[in-house]
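User: I would like to learn how to read a structure like this one, feature by feature. Where do we start?

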Amino acid sequence: MEWYEINKTYFTEHYLSADNPRSQSGHGGDEQHYFHNHFMLLDIITKSGSFIDVGYANGYLIESLNKWLNGINTLQVDFYGLDISHELIHLAKKRLPNWKDKLYTGNAFKWIPENKFDFVCVKELGYVPQKMEESFFEHLFNNYVAEEGRLILGPYSEEKMSRELEGQLSSWGYIPSGYIERSHNKSINVARRILYFNK
Ligand SMILES: C[S@@+](CC[C@H](N)C(=O)[O-])C[C@H]1O[C@@H](n2cnc3c(N)ncnc32)[C@H](O)[C@@H]1O
């Protein structure tokens, strides 16, 4: 089976076997833990515009961001989603019918959007084989991010003392425009981080 098929099958079976929407998006903790791990994204959404979650799963992240944004400010953010799994996008469309026309099925490494986005969020680069990660990042930055837009990598967890991902991106010539960091709520030795890259 092709690499992407194996990966897709893993995510689809794992997420669809979960019994609540949070777990169906890949998060193992409770709602308070989820909030702690993801709320930092709001620091990066600094203007109104379009936002795509690359690797959308069942849409729980976007549903949460939309709820939190509505609670705190007046930015108008137009949300989109892309996932390689037809089954997960099908589930997302059933859960979130208001967004169903903005949800796409496709391999993010091959898919090219008709219109670029102000914010492009990808949790990790592991959606492609490791040796393709640099090209994947380049593909997202060049083909997805609008002028004056922002590519958001994370939130992800990393050993507090390591800046491995930042070092890797920098070695490819992509120096982050900024980052957000907070402690992991389960271990002082682990950091939750987001790197972002402005165009
Ligand atoms: C860790 S989940 C992220 C879920 C969501 N972004 C969130 O934060 O709740 C990863 C998702 O990426 C999708 N995915 C994996 N490889 C992909 C690819 N090459 N193109 C598009 N989606 C992919 C999986 O099907 C899975 O739903």
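**The ligand site**

Analyst: Start with polar contacts to the ligand. In this predicted model, an N or O atom in the side chain of Asp53 is 2.8 Å from a nitrogen atom of the ligand.

User: Which polar side-chain atom lies 3.0 Å from a nitrogen atom of the ligand?

Analyst: One that belongs to Asn107. The backbone takes part too: a polar backbone atom of Ala108 is 2.9 Å from a ligand nitrogen.

User: How much of the ligand's accessible area does the protein cover?

Analyst: Take the ligand on its own, then ask what the protein hides. Alone, the ligand has 600 Å² of accessible area, and the protein covers 97% of that.

User: Which residues around the ligand come nearest?

Analyst: There are 17 residues around the ligand. Asp53, Gly55, Asp83, Ala108 and Lys123 come nearest. Asp53 and Ala108 are on that list. Asp53 supplies a side-chain atom at 2.8 Å, Ala108 a backbone atom at 2.9 Å.

User: Now the fold. How many helices and strands does the protein have?

Analyst: Count the elements, then read their order. The count is 6 helices and 7 strands. Along the sequence the pattern runs α-α-β-α-β-α-β-β-α-β-α-β-β.

User: What does the radius of gyration say about the overall form?

Analyst: Compare it with the value for a compact globule of the same length. For 199 residues that value is near 16 Å; the protein has 16 Å, so the two agree. For the extents, use the principal axes: the C-alpha atoms fill a box of roughly 40 × 35 × 35 Å.

User: What share of the residues is buried?

Analyst: Of the 199 residues, 51% are buried. Then look at the outside. The exposed area is about 10,100 Å², with 48% of it from carbon and sulfur atoms.

User: And how do I read contact range? What share of the contacts joins residues at least 24 apart?

Analyst: Set aside the pairs close in sequence. Among contacts between residues at least 6 apart, 72% join residues at least 24 apart.

User: Let us take one helix. Which residues of H4 are buried?

Analyst: H4 spans residues 86–95, and its buried residues are Leu88, Ile89, Leu91 and Ala92. Look down the helix axis next. The buried residues fall within an arc of 160°, so they line one face of H4. His86 and Lys94, on the other side, are exposed.

User: What covers the buried residues of H4?

Analyst: The cover includes helix H1 (3–16), strand E2 (77–83) and strand E3 (103–105).

User: What do the buried residues of H5 pack against?

Analyst: First list them. In H5 (residues 133–143), Glu133, Phe136, Phe137, His139, Leu140 and Phe141 are buried. They pack against E1, E4 (117–122), E5 (145–159), helix H6 (164–171) and E7 (190–198).

User: Now single residues. Is Asn37 buried or exposed?

Analyst: The cut-off for buried is under 20% relative accessible area. Asn37 has 4%, so it is buried. Asn37 sits in helix H2 (residues 31–38). Leaving out residues up to four places away in sequence, Asn37 touches His27, Pro155 and Arg192.

User: And is Asp43 buried or exposed?

Analyst: Exposed means over 50%. Asp43 has 53% relative accessibility, so it counts as exposed. Asp43 is placed in the loop between H2 and strand E1 (49–54).

User: How far apart are Asp43 and Tyr179?

Analyst: Give both distances, along the chain and through space. Asp43 and Tyr179 are 136 residues apart in sequence, and their C-alpha atoms are 9.8 Å apart.

How values were computed: Residues are numbered from 1 along each chain as its sequence is written. This is a predicted model: local features need pLDDT of at least 70, side-chain atom pairs count only at pLDDT 80 or more; totals for chains, interfaces and linings use all residues. Side-chain values use heavy atoms; hydrogens and water are left out. Buried means under 20% relative accessible area, exposed over 50%, partly exposed in between (1.4 Å probe, protein chains only). Helices (H or I, at least four residues) and strands (E, at least two) are DSSP runs, numbered from the N terminus. The arc is that of the directions from the helix axis to the C-beta atoms. Contact means heavy atoms within 4.5 Å. A residue is near a molecule or strand if one of its heavy atoms lies within 4 Å of it. A polar contact is a pair of N or O atoms within 3.5 Å; within protein, one must be able to donate a hydrogen and the other to accept it, and residues adjacent in sequence count only if both atoms are side-chain atoms. Accessible areas come from the Shrake-Rupley method with a 1.4 Å probe; for residues, only the protein chains shown count as cover. The radius of gyration is taken over C-alpha atoms; the globule rule is 2.2 Å times the number of residues to the power 0.38.
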